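Student: Can we work through this model together, one question at a time?
Tutor: Yes. Have the sequence and the coordinates open.

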Amino acid sequence: MQDFLFIKGAREHNLKNIDVSIPREAITVITGPSGSGKSSLAIDTIFAEGQRRYVESLSTYARQFIEQLRKPDVDYIEGLSPSISIDQKTVSKSPRSTVGTITEIYDYMRVLYTRIGKQFCYHCGAGITKQGSQDILQSVMSLPEGSRIQVLAPVVRERKGEYKKELQKMRREGFIRARIDGEMTDLTQDISLQRHKRHTIEIVIDRLIIKHGIERQINEAIETALSYSDVVLINLLEGDNDILFSKSAVCLQCGISYPEITPMFFSFNSSQGACSRCRGLGYENIEEDTSELEEYRYCKLCNGLRLRKEALGIRIQGINIGEFAQMSVKEAEVFIRDLKLSDREQIIALRVLKEVKDRLSFLKRVGLGYLNLNRSSLTLSGGESQRIRLATQMGSSLTGVLYILDEPSIGMHPRDCGKLLESLSAIRDAGNTVVVVEHDEETIRWADYVIDMGPGAGHRGGWVVASGSPEEIGRNGHSLTGRYLSGLLSIDVPTVRRRPQDCIRILGASEFNLRNIDVTVPLGILACVTGISGSGKSTLVFEILYKSLCRTIYRSKVIPGRHREITGIEKIERVISVDQAPLGKTPRSNPVTYTGVFSFVRDLFAQVPDSKVRGYTSSRFSFNLSGGRCEACRGDGLIKVEMHFLPDVYIPCDTCKGKRYNKETLEIQYKGKNIAEILEMTVSEALQFFSSIPPVHRKLEILEDVGLGYLQLGQPASTLSGGEAQRVRLSRELGKSSKGHTLYLLDEPTTGLHFSDIQRLLNVLNCLIDAGNTVLIIEHNLEVIKSADYIIDLGPEGGEDGGIVVASGTPEEICANPASYTGIFLRKKLLQTEPIKVAEA
């Protein structure tokens with residue numbers, strides 16, 4: 001086997017025909033300024049080629065469902081292993097997807113509850129016993145005389161397939177009717193079922209009328225039904241209601257029958273297990289296609305447990321599977337560890353418990369011990385989603401695989417970052433190659449090999465500036481990253497800490513894991529909320545503070561998290577939340593449309609003489625409206641291709657070649673460029689091109705200032721990272737006139753930023769504060785934390801072990817607090833700096 005993965009002539013996006021060698025069975029970090037070509041090399045070249053080769057290796061039958069993938073712009077790649085990309089967008093964003101289902105922990109627990117769970121009546125709590133045919137007969141004969149019934153035997157329940165053999169067997173054995181998917185069907189007719197859909201098939205054994213002397217005939221029908229299934233369905237023709245009987249389970253006190261217990265019985269994605277009211281979603285007010293979970297109410301029937309009451313009656317040591325799913329990773333680990341099983345149960349559960357224990361351990365190792373297993377994927381941050389996938393891969397025991405990760409340290413406190421790096425080392429030591437796109441200093445220093453891209457962003461990037469061990473990078477004077485690693489360059493600690501002008505006080509905050517805490521939020525300064533992942537930072541800032549301010553200032557109807565009171569709201573006039581949510585879900589949304597730049601650009605094109613001659617208005621240059629856009633792709637420039645068992649991909653439109661507009665529109669030029677060529681420019685290029693147009697230049701300059709000069713103006717919002725989306729939002733807010741007294745709330749704005757870009761971001765935030773505003777940031781990055789005027793440190797741990805204020809004050813005061821994990825790591829950053837002055841009040 002080759003010792004290196006060799007890439008020859010990579011030219012994807014801004015890559016400058018580069019040659020790169022990556023050592024196998026090692027951890028390689030690709031770093032460099034934002035927009036320097038890191039993702040273009042790792043994701044769009046290496047992983048894209050790995051995925052293309054995988055598709056080509058599939059059978060002809062499988063390939064008929066998949067569009068042929070485009071080959072990356074590279075001469076060749078040698079030594080490429082099967083590739084797995086773990087980024088921030090690959091976890092399914094569905095209300096049915098949870099931490100437990102993503103990691104398969106919930107699936108293993110369904111098997112465990114099926115095998116060793118004890119069943120209790122949901123009505124009276126008594127243990128469940130089995131029914132015999134005579135018990136069923138007695139119950140049926142107790143129906144009112146004259147009742148018309150059908151005796152049915154379920155032979156297929158909620159399973160995929162065509163079932164031609166089963167249907168033919170029924171015909172041969174003399175049955176002429178069956179209820180298929182709820183509809184009565186004549187078996188003498190030709191029946192065609194869709195193989196990829198779930199079906200339920202119930203044989204009609206007999207049709208009878210309840211009367212004296214019918215016992216023998218009913219008993220024969222019941223015996224016949226039981227020979228085909230453990231379950232007998234008595235269908236009352238008046239009202240079309242079913243009564244279920246089972247030779248497996250019945251409550252002797254209530255007479256309630258229970259169906260056979262299978263793993264599907266505990267699945268909230270199946271009609272066999274899902275709560276009938278919420279259909280397994282757990283909430284009252286969300287639908288299957290919900291993509292955001294902001295306001296929600298638990299289902300009144302299942303109380304958010306998602307399952308039917310019969311399934312929730314099955315327990316292991318007093319806990320049903322819904323209650324188990326409500327546990328955090330750490331609590332679930334304790335529950336599994338403390339299980340007391342009989343010798344027989346231990347033999348049955350041995351393999352399942354090992355898989356569950358391993359997965360819970362992996363989640364803890366990547367710093368996610370605070371997450372609840374029923375936590376919806378809709379509420380997970382990009383970093384949490386990525387680390388969940390990483391934990392899942394750690395449990396797969398694969399070897400010889402190339403793993404490509406995109407900033408796995410996002411959202412991690414420095415204390416937990418060490419655990420993540422140990423996990424990556426374990427994957428490497430298992431015989432795999434790990435490639436990480438990363439800016440985090442600790443991760444770079446941990447790597448076996450570093451590739452530093454640059455020297456700048458966009459067209460000024462795309463080169464390999466330096467490569468080698470972290471020590472070699474630090475000694476390379478041409479490497480911007482190396483100069484920061486060696487200390488030649490650094491982000492300066494402010495010489496003076498600002499003093500708060502006033503404050504807002506949050507009293508009795510008790511939402512989620514917050515423990516009835518009182519928090520002072522200083523105004524007129526740069527403040528950071530820090531703490532271990534899951535300690536309650538987002539709950540405090542966004543669920544309580546932001547929503548409360550919105551209700552008071554904007555008369556919003558959002559419901560804030562639980563708290564007693566907030567004082568001092570009258571001291572601010574506006575509140576702006578700048579989070580990492582996507583700007584849009586389609587290729588139509590992009591930086592220039594979101595920031596309002598495109599309206600000015602379209603007006604410029606409408607004023608060109610050729611436009612006036614043809615009668616073109618600014619709407620002609622909108623790709624959202626008919627007339628000027630390409631109708632084949634409806635102005636998207638891309639066509640969505642469903643890949644069935646692979647993620648959907650977007651390919652350039654064959655008609656407009658990705659340019660979004662029709663031929664006539666593209667004939668109009670402004671200063672030698674058509675509208676599509678403008679959208680292909682980077683922010684930095686457009687800044688020079690529109691230097692004489694003040695409204696355009698001003699907005700583009702702000703995008704440049706927040707470190708987004710490398711973005712293309714028309715780059716689809718769906719391709720932006722969370723950090724990029726947040727900085728586009730920030731630039732739009734900065735472009736608005738401000739009279740001060742505004743509170744800006746930011747969630748990890750340094751995501752995706754190199755050392756050099758962080759300094760630029762801090763400069764922008766300081767300008768906001770100097771204009772009389774307040775900036776409150778949730779942040780783990782020590783460079784930003786050391787630059788703050790005030791810190792609110794939550795903890796001490798995540799989940800139930802968090803939720804209190806561990807320390808608050810200036811960075812120096814936090815460092816002096818031995819109980820603060822943030823202080824421990826921050827102390828190292830501040831050791832080499834001069835004493836800080838605090839501004840006079």
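The questions below go from a helix packing to loops and single residues.

Tutor: One point before we start: this is a predicted model.

Student: Which residues of helix 5 are buried?
Tutor: Buried here means under 20% relative accessible area. Helix 5 covers residues 133-141. Its buried residues are Ser133, Ile136, Leu137 and Val140.

Student: Within what arc do the buried residues of helix 5 fall, seen down the axis?
Tutor: An α-helix has 3.6 residues a turn, so residues three or four places apart point the same way. The buried residues of helix 5 line one face of the helix, because they fall within an arc of 100°.

Student: Which elements do the buried residues of helix 5 pack against?
Tutor: The partners include a helix and strands. The helix is helix 7 (215-228). The strands are strand 7 (148-160), strand 11 (231-236) and strand 12 (241-246).

Student: How is helix 5 oriented to helix 7: parallel, antiparallel, perpendicular or oblique?
Tutor: The two axes come within 10 Å and cross at roughly 130°. Angles over 145 degrees would count as roughly antiparallel, and 65 to 115 as roughly perpendicular. The crossing angle therefore makes helix 5, relative to helix 7, oblique.

Student: Is the crossing of helix 5 and helix 7 left-handed or right-handed?
Tutor: Take the pair of helix 5 and helix 7 again, with axes that cross at roughly 130°. Their crossing is right-handed.

Student: Which residues of helix 7 make the contact with helix 5?
Tutor: Helix 5 contributes Ser133, Gln134, Ile136, Leu137, Val140 and Met141. From helix 7 come Glu215, Ile218, Asn219, Ile222, Glu223 and Leu226.

Student: How many residues of that contact between helix 5 and helix 7 are nonpolar?
Tutor: The charged residues number 2. The polar ones number 3. The nonpolar ones number 7.

Student: Which residue precedes Pro455 across its peptide bond, and is that bond cis or trans?
Tutor: Pro455 sits in the loop between strand 19 (449-454) and strand 20 (463-468). The bond runs from Gly454 to Pro455. Its omega is near 0°, and the bond is cis.

Student: Where is Pro796, which follows Gly795?
Tutor: The peptide bond from Gly795 to Pro796 is cis, with omega near 0°. As for its place, Pro796 is in the loop between strand 31 (790-795) and strand 32 (804-809).

Student: Is His13 buried or exposed?
Tutor: His13 is in the loop between strand 1 (4-10) and strand 2 (18-23). Its phi is near 55°, positive although the residue is not glycine. The cut-off for exposed is over 50%. With 55% relative accessibility, His13 is therefore exposed.

Student: What is the relative accessible area of Phe512?
Tutor: Phe512 also has a positive phi, near 50°, in a residue other than glycine. Its loop joins strand 22 (502-509) and strand 23 (517-523). Phe512 is partly exposed, because its relative accessible area is 46%.

Student: Which residues does Ala457 contact, leaving aside neighbours within four places in sequence?
Tutor: Ala457 lies in the loop between strand 19 and strand 20. It is buried, with a relative accessible area of 15%. Its contacts are Ser34, Gly35, Ser36 and Tyr710.

Student: Is Ala717 buried or exposed?
Tutor: The place of Ala717 is the loop between helix 24 (694-705) and helix 25 (722-734). Its relative accessible area is 3%. The cut-off is under 20%, so Ala717 is buried.

Student: Is Arg660 buried or exposed?
Tutor: Arg660 is in the loop between strand 28 (649-652) and helix 21 (663-666). Its relative accessibility is 5%. Arg660 therefore counts as buried.

Student: Is Asp654 buried or exposed?
Tutor: Asp654 is found in the loop between strand 28 and helix 21. Its relative accessible area is 64%. Exposed means over 50%, so Asp654 is exposed.

Student: What distance separates the C-alpha atoms of Asp654 and Leu776?
Tutor: Along the chain, Asp654 and Leu776 are 122 residues apart. In space, their C-alpha atoms are separated by 47 Å.

Definitions and conventions: Residues are numbered from 1 along each chain as its sequence is written. This is a predicted model: local features need pLDDT of at least 70, side-chain atom pairs count only at pLDDT 80 or more; totals for chains, interfaces and linings use all residues. Side-chain values use heavy atoms; hydrogens and water are left out. Buried means under 20% relative accessible area, exposed over 50%, partly exposed in between (1.4 Å probe, protein chains only). Helices (H or I, at least four residues) and strands (E, at least two) are DSSP runs, numbered from the N terminus. The arc is that of the directions from the helix axis to the C-beta atoms. Contact means heavy atoms within 4.5 Å. Axes are lines fitted to C-alpha atoms, for helices over the stretch in contact, and angles run from 0 to 180 degrees between N-to-C directions. Angles under 35 degrees count as roughly parallel, over 145 as roughly antiparallel, 65 to 115 as roughly perpendicular and the rest as oblique. A crossing is left-handed if the near helix is turned anticlockwise from the far one by less than a right angle, and right-handed if clockwise. Ala, Val, Leu, Ile, Met, Phe, Trp, Tyr, Cys and Pro count as nonpolar, Asp, Glu, Lys and Arg as charged, and the others, Gly among them, as polar.
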